[in-house]
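Biologist: I've got a handful of geometry questions for you. Mind taking them one at a time?

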Amino acid sequence: MQNPARVLTPTVPLTPDQIARFEGRVPRYTSYPTAPHFTPNVTATTYGGWLEALPEGQPVSLYLHIPFCQQLCWYCGCHTQIVSHDAPIRAYVDLLLREIDLVAERLGRLVPVHEIHFGGGSPSMLPIDLLETVMARLHARFTLTSVSEIAMEIDPRGVRQEQIKGYAGLGLTRASIGVQDFDAEVQTLINRRQSFTETADVVDGLRAAGIASINLDLIYGLPAQTQATIRQTVDLSLSLVPDRIALFGYAHVPWMKRHQAIIPTATLPPPDERYALYQNASDQIAAAGYERIGLDHFARPSDGMARMLRQGTLRRNFQGYTTDGAETLIGLGTSSISALPQGYLQNVLSVPDYRAAVMENRLPVARGIALTADDKLRRAVIERLMCDLTVDLAAVASEFGSDETFFTERLALADLTHDGLVAVNGSVVTVREAARPLVRSVAAVFDTYLSEGAGRYSQAV
């Protein structure tokens with residue numbers, strides 16, 4: 001399906017009043033329904049049945065969560081723990097191998113794999129011999145002959161050239177490099193000191209080893225961040241010529257991540273300045289020739305993500321925007337989330353609980369949700385809004401055999417349309433360019449679970 005034509009007004013910055021009225025606190029919509037609405041009603045038994053029911057020959061993608069870091073970054077919202085030696089990592093990999101076996105046994109056959117992603121935490125903490133062991137087990141338990149991408153999140157601090165050679169030998173094709181911000185004061189306030197030189201050395205080493213696809217992750221809204229500091233960070237990042245850049249908004253959620261309370265609230269930019277940081281950094285990246293992708297990603301025009309955006313086939317999952325076309329994503333490791341045709345499920349969060357489950361030969365499921373027909377319809381609407389900033393509600397409803405008109409939801413957009421931030425033409429809803437950072441708030445209008453009150457969310461802008 002080609003991306004529907006969009007009618008855009010010239011980019012005009014949001015006013016402080018509009019930010020105050022519309023930005024709110026809403027989900028990031030890497031799934032629908034979102035994780036706060038998962039329940040213990042989805043169990044290991046449920047998951048096993050879902051795995052057994054997967055269609056023969058249909059490829060899956062794999063996400064492996066490595067919950068370890070050498071140092072705690074105070075902005076971090078990930079499920080991770082700090083370790084100073086290899087023993088806990090080696091013990092964890094033994095458990096991960098057992099979970100791979102448990103999943104493979106429930107599948108009952110060698111299922112083809114489309115993509116493999118190592119996330120965390122800091123997967124680059126894994127010694128090469130452990131990565132080799134994990135990949136060997138995946139080769140034994142799945143069919144990897146047509147894998148299109150093997151990706152890993154890399155913390156460049158401490159990565160050595162021997163590791164990079166090992167990554168290349170294992171077939172790594174894409175590396176996501178955590179940058180966040182290069183300013184010294186900002187780095188001090190978030191407890192992440194990382195020089196441009198060590199980052200550039202790792203990027204150069206990856207490319208020299210044949211790992212050509214490089215993503216850089218930046219964050220706006222950090223403490224003491226200013227227009228000047230973020231401009232310098234973007235300039236330095238662009239000098240590395242990455243294929244993709246992610247510009248995430250810092251999610252300050254100290255009620256969920258207690259260590260974030262270390263960051264003084266007074267050092268965080270207020271909403272209007274936070275928006276200006278986002279807007280100016282976005283414009284700077286776009287001016288360098290990158291295409292805007294959804295809410296917070298950018299890609300070179302030749303990159304697969306930009307091509308899928310133009311085709312209207314871009315996807316969004318728990319890794320954010322993705323070119324992964326597999327309908328099934330199997331999460332492995334603590335806290336990982338799986339997405340199957342029948343629904344979502346999340347593994348237990350702690351390593352002790354994970355160990356207890358897999359040592360008893362149980363799939364380590366903590367909670368999940370089975371999808372209804374209405375969930376699948378609304379998920380499609382929200383995904384298209386998050387990816388394309390536009391959706392034809394009638395076309396999506398027809399695709400799902402539904403007579404839903406979303407009349408109430410279109411009425412709920414009245415204030416946004418009155419302000420010229422959203423256009424509603426018949427059944428087509430379009431988020432105007434100036435309101436790109438508000439797309440989560442627009443998507444939230446179609447979320448029937450928000451009124452149930454579960455979950456506290458990060459601010460939209």
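Biologist: How many bridges join β18 to strand β19 (residues 428-431)?

Modeller: Ground rules first: this is a predicted model, where local features need pLDDT of at least 70, side-chain atom pairs count only at pLDDT 80 or more, and totals for chains, interfaces and linings use all residues. Residues are numbered from 1 along each chain as its sequence is written, and side-chain values use heavy atoms, leaving out hydrogens and water. Helices (H or I, at least four residues) and strands (E, at least two) are DSSP runs, numbered from the N terminus. β18 and β19 run antiparallel, and the number of bridges joining them is 4.

Biologist: Which are the edge strands of the sheet?

Modeller: The sheet is open, with 3 strands in the order β17-β19-β18 and antiparallel pairing. Two strands pair if DSSP finds at least two bridges between them. Pairing on one side only marks the edge strands, β17 (390-392) and β18 (422-425).

Biologist: What angle does the direction of helix α12 make with that of β17?

Modeller: Start with the sheet's twist, which averages 10° from one strand to the next. Helix α12 (residues 373-388) packs on the sheet and touches β17 and β19, contact meaning heavy atoms within 4.5 Å. Axes are lines fitted to C-alpha atoms, for helices over the stretch in contact, and angles run from 0 to 180 degrees between N-to-C directions. For α12 and β17 the value is about 145°.

Biologist: Is α3 parallel or oblique to α11?

Modeller: Two packed helices are described by the angle between their axes and the distance between the axes. Helix α3 (residues 87-107) and helix α11 (residues 351-359) pack at about 45°, with axes 10 Å apart. Under 35 degrees counts as roughly parallel, over 145 as roughly antiparallel, 65 to 115 as roughly perpendicular and the rest as oblique. That makes α3, relative to α11, oblique.

Biologist: How many charged residues does the contact of α3 with α11 have?

Modeller: From α3 come Tyr92, Leu95, Leu96, Arg98, Glu99 and Leu102, meeting Val351, Tyr354, Arg355, Val358 and Met359 of α11. Ala, Val, Leu, Ile, Met, Phe, Trp, Tyr, Cys and Pro count as nonpolar, Asp, Glu, Lys and Arg as charged, and the others, Gly among them, as polar. By that split there are 8 nonpolar residues, no polar ones, and a charged count of 3.

Biologist: How far apart are the end C-alpha atoms of α3?

Modeller: The expected span of a helix is 1.5 Å times one less than its number of residues. For the 21 residues of α3 that should be 30 Å, which agrees with the distance in the model, 31 Å.

Biologist: What is the handedness of the crossing of α8 and α9?

Modeller: The axes of helix α8 (residues 227-239) and helix α9 (residues 271-287) come within 10 Å and cross at roughly 30°. The two are therefore roughly parallel to each other. A crossing is left-handed if the near helix is turned anticlockwise from the far one by less than a right angle, and right-handed if clockwise. For α8 and α9 it's right-handed.

Biologist: Which residue in the loop between β4 (113-120) and α4 follows a cis peptide bond?

Modeller: Most residues other than glycine have a negative phi, and most peptide bonds are trans. One cis bond joins Tyr32 and Pro33, with omega about -5°, and Pro33 is in the loop between α1 (16-22) and α2 (44-52). The bond starting at Gly120 is cis too, with omega near 20°. The residue in the β4-α4 loop is Gly121.
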